[in-house]
Amino acid sequence: MTDLRISVIIPVHDGAQFLAQTLRSVLDQTVAPDEVIVVDDGSSDESAAIAEGFGARVQVIRGKYGGAAAARVAGVTRATGEAIMFMDADDLLGRNVLHSLADTLSHNEGGIACCDWMRYERIGSTWQARPASCAPRRPGQSPLAAWLTGWYHPPCSVLWSRQAYERSGGWNPEILVNNDGDLMMRALSRGIELVHTPRGTSYYRRLPDGAVSLSGRRFSAEGLASRLTVLDGLASAGLPPGTRAALAEAYGNVAGDAEAAGQPELAGRARAEDLRHGGTPLWALRRRRADRERARARAARGKPDESTAPPHPSLSLKEHQTGAPAVSIVVPTFNRTALLTRALESVLDQDFRDFEVLVIDDASDEDIAAVVTGLGDPRLEYRRQPRNMGVAAARNRGMAEASGRYIAFLDSDDEWLSGKLSAQVTKMEACPPSVGLIYTGLIEKGSDGASTVFLPEDRGDVWREMMHRNVVHYGTSSTMIRCEVVETIGGFDESLPAIEDYDFWTRIARFYTFECVPEPLMIYHDEAAEEGVPSDKRSRDFQANMAARRMFFDRYGEEAVRAGVLHLGHLDMARRHIEAEDGRQSRAILSLLKAIRRKPTSPRIYAWLAFASLPAPLRRSLFPQLVRLRTRLPAWIWMGPGRA
């Protein structure tokens, strides 16, 4: 724990689309800032009002400053913190960023702390984290040399000591492009130490749909001139030994960009400075030009200066208004008239009554509308998809039309038990806003008539667990989320062939904590198909499930490595191949070898490898005992100490 007083300064101009998400990610930190200052730079939208809606937790300054740098200067004038973060109005913080940065800064007095960062961009119906889009830091490079040659950290991943900020000279409002790079490079050139912490991740948002790009302005005449001004200032002030070549490379990069942009005068100025600081061989110029062309292509999809891109139409949630129901219940269905009535009646039998039910018919051949209207309850609303688009798209349609402040999910072949909604709403109302999801226990009814009770064990920060194990189990129908969660992470991923719910919960866990009601309050029906009742559970399609899990681990693998749990993901894949009738022994052994590579000291993995290597008949004879063991042992014994 640190005693540093932390100020977070957020300039905004017409940033209403994302500002509330940004503020929630700041205010819900494990170590909350002492003050949050939003500087509204003459917005014509509701930015200032949104910030003021957070009450005393957020200070709002209104004015016309003419740019983000000048607005940040106004924020610093008001700030009282010993440590200062400058965030853009559309970026997000992982939950422990401020704690990690402040702890690092407290051990490096007068310095600057930085953490890992990732791009945050919209892909289809989802918001997903992607690797940082800057050049890598080369071996042996100083932070200043690396920054000059394309490596950087955006402001949302940097915490400044006030001493470091003041020694740097502060923001220069005259620098219109790369003003954060100007500030950081001036600080580094004056000997201020930049210290990295491996804990915590910030998210630097990129918007698609042709939004005006701040990165794209780097290649305009104004942007190129601004970049030259930054480099000229560093050159005239004098650079530390060993950075002359990096400065020459930086000038060469500007020259190449200016030539490509048809700005010969700026290109000539930059090329002359490149040569004056050491010159660049012709082969390197050609390679650098190709690199800059690729950078320009990336920047065309870059981070917007003003949030002009509309939200994905399937995720545009209704504003919760007076008179709207407390809970919106989303029920996707396809050709399940025989089961849908049971599911809907279990909702109508709840003792909590303030809800709406959105039944999303995924273009069924059966008359789903007749089932809904036949129940005669005005809270049931029927929607039909234009074509069969899958359960993820159906849930996204329901969330887009939901008007409740909470959203609950119910699959049409499951059912709720008495008291489920009231227990979750009561729990949610008692929880802080940092809790984004609450799930309950469940009863699984199998095809043999047996029932198994699963009680929830995981709560709080489950991000590390979710990267290798779905703590919600089969419980899509057991979950309830806050509506603002969807604004932050998007919807279910419609491109996944299976486990779209697991991916959705994992993206929620990136920014929110989980809570649970430790009672079995829903029934998950896993019976074999009966006559006239289609069995279309995606969980039964083993190959689709494995393909989706490979996509999942490709998506989160880098973060799982940092969290030290990738071996458990490989172990889970192996276990599924061992247990399933369609599983492949070779795939199981390969996954276990990957797990051993990641965690060679885990005896549990070797035990699984020995079992996987047995002849198939022997494995099958031992399998029933293995399954019984699995249902009786805690998850951490079966799968390994994931929390360790």
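# A tour from Trp 127 to helix α21

Trp 127 is buried, with a relative accessible area of 6%. Buried stands for under 20% relative accessible area, exposed for over 50%, and partly exposed for the range in between (1.4 Å probe, protein chains only). The accessible areas themselves come from the Shrake-Rupley method with a 1.4 Å probe, and for residues only the protein chains shown count as cover.

This is a predicted model, in which local features need pLDDT of at least 70 and side-chain atom pairs count only at pLDDT 80 or more, while totals for chains, interfaces and linings use all residues. Residues are numbered from 1 along each chain as its sequence is written, and side-chain values use heavy atoms, leaving out hydrogens and water.

## Aromatic pairs

Keep Trp 127 selected and add Phe 18, which is buried as well, at a relative accessible area of 3%. The structure holds 21 aromatic pairs. Rings of Phe, Tyr and Trp (its six-membered ring) pair if their centres lie within 6.5 Å; planes under 30 degrees apart are called stacked, over 60 edge-to-face, and the rest tilted. The ring centres of Phe 18 and Trp 127 are 5.8 Å apart with the planes at 85°, so this pair is edge-to-face. The pair links distant parts of the chain, 109 residues apart: Phe 18 sits in helix α1 (residues 16-27) and Trp 127 in strand β7 (residues 126-130). Helices (H or I, at least four residues) and strands (E, at least two) are DSSP runs, numbered from the N terminus.

Select Trp 147 and Trp 151 next; they make an edge-to-face aromatic pair, 5.6 Å centre to centre with 85° between the planes. Trp 147 counts as buried at 9% relative accessibility, and Trp 151 is buried at 12%.

Then return to Phe 18 and Trp 127 and add Tyr 120, Tyr 203 and Phe 511: these five form one aromatic cluster.

## Loops

Which residue in the loop between β1 (6-12) and α1 should be selected next? Asp 14 is found there. Asp 14 has a positive phi of about 50° although it is not a glycine. Most residues other than glycine have a negative phi. At 18% relative accessibility, Asp 14 counts as buried.

Asn 335 also has a positive phi of about 50° without being a glycine. Asn 335 lies in the loop between β10 (327-333) and α12 (337-348) and is buried, at a relative accessible area of 12%.

Move to Asp 90, in the loop between β4 (83-86) and β5 (92-93). Asp 90 is buried, with a relative accessible area of 5%. Draw a distance from Asp 90 to Gly 15: they are 75 residues apart in sequence and 7.2 Å apart in space, C-alpha to C-alpha.

Ala 32 has its place in the loop between α1 and β2 (35-41). At 42% relative accessibility, Ala 32 counts as partly exposed. The C-alpha atoms of Ala 32 and His 99 are separated by 8.1 Å, with their positions 67 residues apart along the chain.

## Salt bridges

How many salt bridges does the structure hold? There are 38; a salt bridge is a side-chain nitrogen of Lys or Arg within 4 Å of a carboxyl oxygen of Asp or Glu.

- Arg 119 and Glu 121: their side chains meet in a salt bridge at 2.4 Å, N to O. Both residues are buried.
- Arg 383 and Glu 401: their side chains form a salt bridge at 2.4 Å, N to O. The pair links distant parts of the chain, 18 residues apart, with Arg 383 in strand β12 (residues 380-384) and Glu 401 in helix α14 (residues 391-401).
- Asp 503 and Arg 555: the salt bridge between these side chains is 2.9 Å, N to O. The pair links distant parts of the chain, 52 residues apart, with Asp 503 in helix α18 (residues 500-511) and Arg 555 in helix α19 (residues 542-563). Asp 503 and Arg 555 are both buried.

Last in this group, select Arg 549, Asp 572, Arg 575, Arg 576 and Glu 579, which are linked in a network of salt bridges.

## A charged patch

Finish with Arg 550, Arg 584, Arg 587 and Lys 594, which form a positive surface patch. Patches are made of residues with over 30% relative accessible area and no salt bridge; like charges are joined within 9 Å, and nonpolar side chains (Val, Leu, Ile, Met, Phe, Trp, Tyr) within 5 Å. Lys and Arg count as positive and Asp and Glu as negative, with His and the chain ends not counted; the place of a charge is NZ of Lys, CZ of Arg, CG of Asp or CD of Glu. Arg 587 lies in helix α21 (residues 585-598) and counts as partly exposed at 32% relative accessibility.
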